[in-house]
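Q: Please take a close look at the aromatic residues of this model. I would like to know how their rings pair and how far they are open to the surface.

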Amino acid sequence: MKINVPNALTFFRVFLIPCFVGIYYLPHTLIGQPLMNWIGAGIFLFAAITDWLDGFFARYLNQASKFGAFFDPVADKLMVVAALLVLIELDRVNAIISLIIIGRELSISSLREWMATIGKPGGMAVMFVGKLKTTIQMIAILMLLYYDNLWFINVKWIGNILINIAALLTVISMGYYIRMAWPTLRKSIKIR
């Protein structure tokens, strides 16, 4: 494996995860909750920007690699799972919503991996509803991490609405992916 700019950004994003989680476990005598919210949301936003940048540099510098194609989505999912677990701990998101999102991510990742092992990697291309879900989910998580009002904007209220929309889109996108894979699944497990 060659370390190039996109892969370095992905590794950096994984390095940010313990920093991000650690912020929320510092003593409140050392750092107050509003500052924790600011720093945590800032780290999450920075990680989301590095996710976009690694894809941009992979295309622009022609540095796409099999390792990057595998590890980039893993890093994204690790960051989202870490953020959702922190939000559950802070009682800012419902555990059921988090389980829906995390369960879908694990299921679809496993399905994609399985499709690749049987020689059908293109059979699970990312769809628009999946991209929309990811965008709304990232904005919702960012807002729920920040949690304080921003001028006249009720950030926590908007974040809660968006995380519920993301959960609904999660179920819809999972249905699309399963429907795309169903013919192959049916043949492999011999369902009539």
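A: The model is predicted. Phe-56 is a convenient starting point. Its relative accessible area is 31%, so Phe-56 is partly exposed, since the partly exposed class runs between 20% and 50%. Phe-56 is part of helix α2 and contributes to a nonpolar surface patch of about 520 Å², together with Val-5, Trp-52, Tyr-60 and Leu-61. Helix α2, which spans residues 33-60, supplies the largest share of this patch, namely three residues. Phe-56 also belongs to a cluster in which ring pairs link Trp-52, Phe-56, Phe-57 and Tyr-60. Trp-52, Phe-56 and Tyr-60 are thus named both in the patch and in the ring cluster.

Across the whole structure, a search finds 11 aromatic pairs. One of them joins Phe-11 and Phe-67, with 5.8 Å from centre to centre and 25 degrees between the planes. This pair is stacked, because planes under 30 degrees apart fall in that class. Phe-11 sits in helix α1 (residues 5-23) and Phe-67 in helix α3 (residues 66-89), so the pair ties together parts that are 56 residues apart in sequence. Both partners have some accessible area: Phe-11 counts as partly exposed at 34% relative accessibility, and Phe-67 counts as partly exposed at 27%.

Another pair is made by Phe-12 and Phe-46. Their ring centres are 5.8 Å apart and their planes stand at 90 degrees, so this pair is edge-to-face. Phe-12 lies in helix α1 and Phe-46 in helix α2, so the contact between the rings ties together parts that are 34 residues apart in sequence. Phe-12 is partly exposed, with a relative accessible area of 32%, and Phe-46 is partly exposed at 41%.

Helix α1 therefore carries one ring that pairs with helix α3, through Phe-11 and Phe-67, and another that pairs with helix α2, through Phe-12 and Phe-46.

An aromatic ring also has a charged partner in this model: Arg-92 lies over the face of Tyr-147, at 4.3 Å from the ring centre.

For contrast, a residue without a ring can be set beside these. Thr-170, in helix α6 (residues 155-189), has 1% relative accessibility and so counts as buried. Leaving aside residues up to four places away in sequence, Thr-170 touches Ile-100, Ile-101, Arg-104, Lys-133 and Gln-137.

Note on methods. Residues are numbered from 1 along each chain as its sequence is written. This is a predicted model: local features need pLDDT of at least 70, side-chain atom pairs count only at pLDDT 80 or more; totals for chains, interfaces and linings use all residues. Side-chain values use heavy atoms; hydrogens and water are left out. Patches are made of residues with over 30% relative accessible area and no salt bridge: like charges are joined within 9 Å, nonpolar side chains (Val, Leu, Ile, Met, Phe, Trp, Tyr) within 5 Å. Accessible areas come from the Shrake-Rupley method with a 1.4 Å probe; for residues, only the protein chains shown count as cover. A salt bridge is a side-chain nitrogen of Lys or Arg within 4 Å of a carboxyl oxygen of Asp or Glu. Helices (H or I, at least four residues) and strands (E, at least two) are DSSP runs, numbered from the N terminus. Buried means under 20% relative accessible area, exposed over 50%, partly exposed in between (1.4 Å probe, protein chains only). Rings of Phe, Tyr and Trp (its six-membered ring) pair if their centres lie within 6.5 Å; planes under 30 degrees apart count as stacked, over 60 as edge-to-face and the rest as tilted. A charge sits over a ring if NZ of Lys or CZ of Arg is within 6 Å of the ring centre and within 35 degrees of the ring normal. Contact means heavy atoms within 4.5 Å.
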